[in-house]
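Colleague: I've never read a structure before. Could you show me how to go from a list of features to a picture?

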Amino acid sequence: MERVTRLVSQRAVVIFSKSTCCMSHTIKTLFFDLGVNPTVHELDEEPRAGKEIEKALIRLGCSPSVPAVFIGGELVGGANEVMTLHLSSSLVPLLKQAGAIWL
């Protein structure tokens with residue numbers, strides 16, 4: 001859990017993902033299209049640490065565990081929560097507030 005807390009506090013947007021997950025790919029693409037440069041941790045590419053982080057994400061309430069999106073150090077949620085924010089025009093203001101985008 002400490003590792004997750006440390007990682008998400010270092011950047012405005014942090015995404016925990018798996019390279020083979022289509023929803024993770026969709027969320028990463030959305031952020032890139034919005035001009036955000038998120039820090040992405042591919043859990044399946046970090047064998048030991050990835051499993052530890054995935055367990056911590058599940059304890060935080062992420063179900064499924066990926067994608068897990070943190071903005072401004074706070075857990076936003078997974079693909080459903082991010083898309084809900086985006087469709088309600090709430091995502092961009094949140095990203096601006098966190099300093100992830102300036103326009």
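**Reading the model, feature by feature**

Colleague: Let's begin with S89, in the loop that separates helix 4 from helix 5 (91–98). What is the value of its phi?

Modeller: Before that, some ground rules. This is a predicted model, where local features need pLDDT of at least 70 and side-chain atom pairs count only at pLDDT 80 or more, while totals for chains, interfaces and linings use all residues. Residues are numbered from 1 along each chain as its sequence is written, and side-chain values use heavy atoms, with hydrogens and water left out. Now to S89: its phi is near 60°, a positive value in a residue other than glycine.

Colleague: Is S89 buried or exposed?

Modeller: You read that from relative accessible area: buried is under 20%, exposed is over 50%, and partly exposed is in between (1.4 Å probe, protein chains only). S89 comes out at 58%, so it counts as exposed. Zooming out to the protein, buried residues are 42% of its 103 residues.

Colleague: How many helices and strands are there?

Modeller: They come from DSSP runs, numbered from the N terminus: helices are H or I with at least four residues, strands are E with at least two. Here you get five helices and four strands. Starting at the N terminus, the order reads α-β-α-β-α-β-β-α-α. The radius of gyration is 13 Å, close to the 13 Å the globule rule gives for 103 residues, so the protein is as compact as a globular protein of that length. That radius is taken over C-alpha atoms, and the rule is 2.2 Å times the number of residues to the power 0.38. If you like box dimensions, the C-alpha trace spans about 40 × 25 × 20 Å along its principal axes.

Colleague: Now the strands. Which strands does strand 1 (residues 13–17) pair with?

Modeller: The idea is simple: two strands pair if DSSP finds at least two bridges between them. Strand 1 is joined by four bridges to strand 2 (residues 39–42), and those two run parallel. With strand 3 (residues 68–71), strand 1 also has four bridges, in the antiparallel sense. Try finding I15 on your screen: V40 stands opposite it in strand 2, and V69 is its bridge partner in strand 3. One residue back, V14 stands opposite F70 in strand 3.

Colleague: How many residues of strand 1 are buried?

Modeller: Five of its five, which leaves strand 1 mostly covered. Look at it face by face: V13, I15 and S17 are on one side, V14 and F16 on the other, and both faces are covered. Strand 3 can be read in that way too: A68 and F70 point one way, V69 and I71 the other way, and all are buried.

Colleague: What does strand 3 form with strand 4 (74–77)?

Modeller: A hairpin, with two residues between the strands. In the turn sits G72, with a positive phi of about 60°. Strand 3 and strand 4 pair over three bridges in the antiparallel sense, and G77 in strand 4 is the bridge partner of V69.

Colleague: Which peptide bonds are cis in the loop before strand 3?

Modeller: Check omega. From S63 to P64 the bond is cis, with omega about 0°, and P64 belongs to the loop between helix 3 (47–59) and strand 3. The bond from V66 to P67 is cis as well, with omega near -5°; P67 lies in that loop too.

Colleague: And is V66 itself buried or exposed?

Modeller: Its relative accessibility is 9%, so V66 counts as buried, although it is found in a loop. Compare V66 with A98: they are 32 residues apart in sequence and 21 Å apart in space, C-alpha to C-alpha.

Colleague: Last one: which residues lie nearest the centre of the largest pocket?

Modeller: A pocket is found on a 1 Å grid over the protein atoms alone: an open set of points where a 1.4 Å probe fits, with protein on both sides within 12 Å along at least five of seven lines, and lining residues have an atom within 4 Å of a point. Here 13 residues line the largest pocket, and S63, P64, G78, A79 and E81 lie nearest its centre. Strand 4 and helix 4 (79–87) are the elements that give two or more residues to that lining. Helix 4 gives the most, with three.
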